[in-house]
Amino acid sequence: MWSRIFSPGVFCRTRFFWRSLYTMKLNTKVFEKHQHELRIAGGAVRDLLSGKRPEDVDFATTATPEEMKRMFQTAGIRMINNKGEKHGTITARLHNENFEVTTLRVDVQTDGRHAEVKFTTDWQKDAERRDLTINSLFLGLDGTLYDYFKGYEDLQNCKVRFVGNAEQRVQEDYLRILRYFRFYGRVALKPGDHEPETLAAIRENGRGLAAISGERIWVELKKMVLGNHADHLLALIYSLELVQYIGLPPDGNVEEMKRVWQNTKDHSPKPMTILAALFHCPEEVEKMDIRLKVSREEKNLALFLVKYRRELCKSDNEPDSLKPFTDFIIDSRELDSQSKVCELLKYQGEEKLLAELCKWSIPCFPVSGHDLRRMGVTSGKEIGATLQKLRDIWKKSHYQMDKDELLSYVKS
């Protein structure tokens, strides 16, 4: 075991963490009283060491779930959500905060998706079953860092490595392939700095992703696409022949994807904006949806981008370069049309037009069917045709004409 005293300076860079830490430290005596240890585990330790704010703070302990329940009940600590108990997790409610505390575990049997576990008091054994060295760290509430697999060294060197044997870790849970790529985008400084044996293990075991649910794959894929080096990582997924298992088109347009990623990476794109570049036709989007079960909004955005990425562009003949896009939004009348067009402009690399559209508000068309009925137009079909005619006139005026001006075209 390797340990060191955790620098107080790291906590100082993440002061928000002290409140949660202090809350749990007040209750470490509950564990100490029964000769059990309690440490912060995994991702929170990694983020703190990187000077980042942890999204979640999870704890690990040598106490079993039954022992934790007895301790918490005796101490008057409320427990909620018992769904994680079979996996060794008890959720304690303290000072309006939830804290997940999980018993140390070792894998008894794995099938590439799920693990059968047994409880242990061996911290190194628990660290050994985790995916990456940078996620296998523990932090004592006294500031001691426990590092069994040189995870802190890897973090300092911006390296992403599996704990122990890469092939064994992958075969325990094939989703770790995509987790590797996601964390590579978070930690590595440059693309292409992979260990050859890691890529070999991924290539040889890629077919295991076929048994992973589409929802789990999509969660990891979305996070990866929004991280650093996403263009490199997506191209790597193709070169390692993984796409057939994760719903992406087999002959995806990788060069188009790289171009779009460069266009969008500084403009907070939606994941589907980048992935849409891989699709050649709507049918490929449909196949992706069948495999990954994306949301309706995500699927519709992909279909929109595939359809309009070449069709809806700025006009060289129109002084107002934004007008083709604003006209489209006006005609669409869908609630999310402006959001979709913003993603289209990111896709096309139109930074100036994107900035303009973000400031633009959809104007209200001043004429309604009631106005036409008051003028004697009663046929529903005629009302619809007249409204469209007036809408076209209004668009040509750059949305400046008022109701009276537009209605004058009905009178004439």
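# Group meeting: a walk through a predicted model

Let's start at a single residue. Glu241 sits in the loop between helix H12 (230–239) and helix H13 (243–246). Keep in mind that this is a predicted model. Phi of Glu241 is near 60°, which is a positive value in a residue other than glycine. Is Glu241 buried or exposed? Glu241 counts as exposed, at 52% relative accessibility. The cut-off for exposed is over 50%.

Now compare another loop residue. Tyr399 lies between helix H22 (380–396) and helix H23 (403–411). Tyr399 is not a glycine either, yet its phi is positive, about 65°. Its surroundings are another matter. Tyr399 counts as buried, at 15% relative accessibility. Buried means under 20%.

A third loop residue is Ala211. Look for Ala211 in the loop between helix H10 (196–205) and helix H11 (214–225). Ala211 counts as partly exposed, at 43% relative accessibility. Which residue is 8.2 Å from Ala211, C-alpha to C-alpha? That residue is Gly112, and in sequence the two are 99 residues apart.

Let's step back to the whole protein. There are 23 helices and 10 strands. Along the principal axes, the C-alpha atoms fill a box of roughly 90 × 50 × 40 Å. What would the radius of gyration be for a compact globule of 412 residues? It would be near 22 Å, but this protein has 28 Å.

How much is buried? Of the 412 residues, 52% count as buried. The accessible surface comes to about 20,900 Å². Carbon and sulfur atoms hold 47% of that surface. Next, contacts. Take those with a separation of 6 or more: 63% of them join residues 24 or more positions apart.

On to the inside. In soluble globular proteins, nonpolar side chains tend to be buried together. Here the largest nonpolar core has 115 residues. Which of its residues touch the most other members? They are Phe31, Phe181, Ile237, Leu248, Met272 and Leu275. Let's zoom in on Met272. Set aside its neighbours within four places in sequence. Met272 is then in contact with Trp218, Phe279, Met288, Val294, Glu298, Leu301, Ala302 and Leu305. Apart from the largest core lies another one, of 10 residues, among them Trp123, Tyr146, Tyr148 and Phe149.

Phe149 comes up again with our next residue, Asp154. Asp154 is in helix H7 (residues 151–156). Is Asp154 buried or exposed? Asp154 is buried, with a relative accessible area of 6%. Not counting residues up to four places away in sequence, Asp154 touches Thr133, Ile134, Phe149, Lys159 and Arg161.

Now two helices, and how each one faces the rest. Take helix H5 first, residues 65–75. Its buried residues are Pro65, Met68, Met71 and Phe72. Why do they line one face of the helix? Seen down the axis of H5, the buried residues fall within an arc of 125°, so they line one face. On the other side, Gln73 and Thr74 are exposed. What covers the buried residues of H5? The cover includes helix H3 (28–33) and strands E3 (58–61), E4 (78–80), E5 (89–94), E6 (97–103) and E8 (115–119). After H5 comes Gly76, with a positive phi near 75°.

Now helix H20, residues 351–359. Leu353, Leu354 and Leu357 are its buried residues. They cover an arc of only 105° around the axis, so they sit on the same side of H20. Turn to the other side of H20, and you find Lys352, Cys358 and Lys359 exposed. The cover over the buried residues of H20 includes helix H18 (323–332) and helix H19 (337–348).

Last stop, the cysteines. A disulfide is a covalent bond between the sulfur atoms of two cysteines. How many disulfides does the structure hold? The structure holds 0. Cys313 is in no disulfide, and the nearest cysteine sulfur, that of Cys342, is 16 Å away. A disulfide needs the sulfur atoms within 2.5 Å, so that pair does not count as one. Cys313 counts as partly exposed, at 32% relative accessibility. Cys158, in turn, is buried, with a relative accessible area of 18%.

Conventions. Residues numbered from 1 in each chain as written. Predicted model: local features only at pLDDT ≥ 70, side-chain atom pairs only at ≥ 80, totals over all residues. Heavy atoms only, no water. Buried < 20%, exposed > 50% of the residue type's maximum accessible area, 1.4 Å probe, protein only. Helix = DSSP H or I, 4+ residues; strand = E, 2+ residues; numbered from the N terminus. Arc of directions from axis to C-beta. Contact = heavy atoms within 4.5 Å. Core = buried A, V, L, I, M, F, W, Y, C linked by side-chain atoms within 4.5 Å. Rg over C-alpha atoms; globule rule 2.2 N^0.38 Å. Areas by Shrake-Rupley, 256 points an atom, 1.4 Å probe, with all protein chains shown as cover.
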